[in-house]
Every structure is written in C-alpha cells, then in structure tokens.
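Work through these exercises with the structure open. Each task is followed by a solution in steps.

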Amino acid sequence: MNAFNKPTIFFGIPKLPARYASLVMPLLLSILMTCIVSLISTFNGIGLAPEFASKWLRAWGVSWLVAFPVLLLALPVVRKATAALVHTH
C-alpha cells in the first residue's frame, strides 16, 4: 500500500482498475506463450549458435505482434466455446 492507501504493484506504481483485466490477461498470456514458443523454436532451428539471442528476440517480437491482437479477437470465441463444453451450476 502506498501513502494514499491504494494497492501498488511495485515501486509505488498503482494497480490498474479491474476494467483493464480483459486487456492485461491476454497481454501477459501472449508475452509468456510467445516467449516460450519462440525460444524452443529458435533453439530447435539453430541451436545455441552465437546469434541465438538476437534471433530469438526478433522471433519473439514478431510472434508477439501477431499473438496479442489474435488473442484479443479469439478470447470471446474461446470463452463461448468453453461455456458450451463445460457444465456450470
């Protein structure tokens, strides 16, 4: 908590309002998933070559630029499909 009794993330940066959750979740998911997938793909493609880090970071950036908007568009469809497949009370 900071001096104004507002929850903070770190270094006094306040948490975002709950209305941003629908953007933050796909943002974090796309960062994590593209990081892992591009890391594995780059390693499989070139191994631990001297240019590994630069090629991986480039692949990660490009894949994230595609993945984040796709997640924003696909998430409502996936939520509906999940609701159709899962029994709720």
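A residue is buried under 20% relative accessible area, exposed over 50% and partly exposed in between, with a 1.4 Å probe and protein chains only. By that scale Phe43, at 42%, is partly exposed.

The model is predicted, so local features need pLDDT of at least 70, side-chain atom pairs count only at pLDDT 80 or more, and totals for chains, interfaces and linings use all residues. Residues are numbered from 1 along each chain as its sequence is written, and side-chain values use heavy atoms, with hydrogens and water left out.

**Exercise 1. Describe the overall build of the protein chain.**

Step 1. Start with the elements. Helices (H or I, at least four residues) and strands (E, at least two) are DSSP runs, numbered from the N terminus. The protein chain has two helices and zero strands.

Step 2. Test the spread. The radius of gyration is taken over C-alpha atoms, and the globule rule is 2.2 Å times the number of residues to the power 0.38. For 89 residues the rule gives 12 Å, while the protein chain has 18 Å, well over that value, so it is more spread out than a compact globule.

Step 3. Add the box. Along the principal axes, the C-alpha atoms fill roughly 50 × 45 × 20 Å.

Step 4. Check the cover. Of the 89 residues, 16% count as buried. Accessible areas come from the Shrake-Rupley method with a 1.4 Å probe; for residues, only the protein chains shown count as cover. The protein chain exposes about 7,200 Å², and carbon and sulfur atoms supply 74% of this area.

Step 5. Look at contacts, meaning heavy atoms within 4.5 Å. Take those between residues at least 6 apart in sequence: 51% of them join residues at least 24 apart.

**Exercise 2. Find the aromatic pairs in helix α2 and classify them.**

Step 1. Set the rule. A pair of aromatic rings is described by the distance of the centres and the angle of the planes. Rings of Phe, Tyr and Trp (its six-membered ring) pair if their centres lie within 6.5 Å; planes under 30 degrees apart count as stacked, over 60 as edge-to-face and the rest as tilted.

Step 2. Count. The rule gives three aromatic pairs. One of them joins Trp56 and Trp60, which are stacked at 5.3 Å centre to centre with 15 degrees between the planes.

Step 3. Place that pair. Both Trp56 and Trp60 sit in helix α2 (residues 52-85), four residues apart, about one turn of the helix. Trp56 is buried at 17%. Trp60 is partly exposed at 22%.

Step 4. Take Trp64 and Phe68. Their ring centres are 5.4 Å apart and their planes at 10 degrees, so this pair is stacked. Trp64 and Phe68 also lie in helix α2, four residues apart, about one turn of the helix. Trp64 is partly exposed at 25%, whereas Phe68 is buried at 17%.

Step 5. Look for a cluster. Phe52, Trp56 and Trp60 form one.

**Exercise 3. Show which residues of helix α1 touch residues further along the chain.**

Step 1. Begin with Ser38, a member of helix α1. Its relative accessible area is 6%, so Ser38 is buried. Residues up to four places away aside, Ser38 touches Trp56, Ala59, Trp60 and Ser63. Ser38 and Trp64 are 26 residues apart in sequence and 9.4 Å apart, C-alpha to C-alpha.

Step 2. Move to Thr42, also in helix α1. Thr42 is buried at 10%. Beyond its neighbours within four places, Thr42 contacts Gly47, Phe52, Lys55, Trp56 and Ala59.

Step 3. Finish with Phe43, which lies in helix α1. With residues up to four places away left out, Phe43 touches Leu48 and Phe52. Phe43 and Lys55 are 12 residues apart in sequence, and their C-alpha atoms are 9.7 Å apart.

**Exercise 4. Which residues form a nonpolar patch on the surface?**

Step 1. Set the limits. Patches are made of residues with over 30% relative accessible area and no salt bridge; like charges are joined within 9 Å, nonpolar side chains (Val, Leu, Ile, Met, Phe, Trp, Tyr) within 5 Å. A salt bridge is a side-chain nitrogen of Lys or Arg within 4 Å of a carboxyl oxygen of Asp or Glu.

Step 2. List the members. They are Met25, Leu29, Leu32, Met33, Ile36, Val37 and Ile40, with about 590 Å² of accessible area together.

Step 3. Check one member. Met25 lies in helix α1 (residues 21-46) and is partly exposed at 36%.
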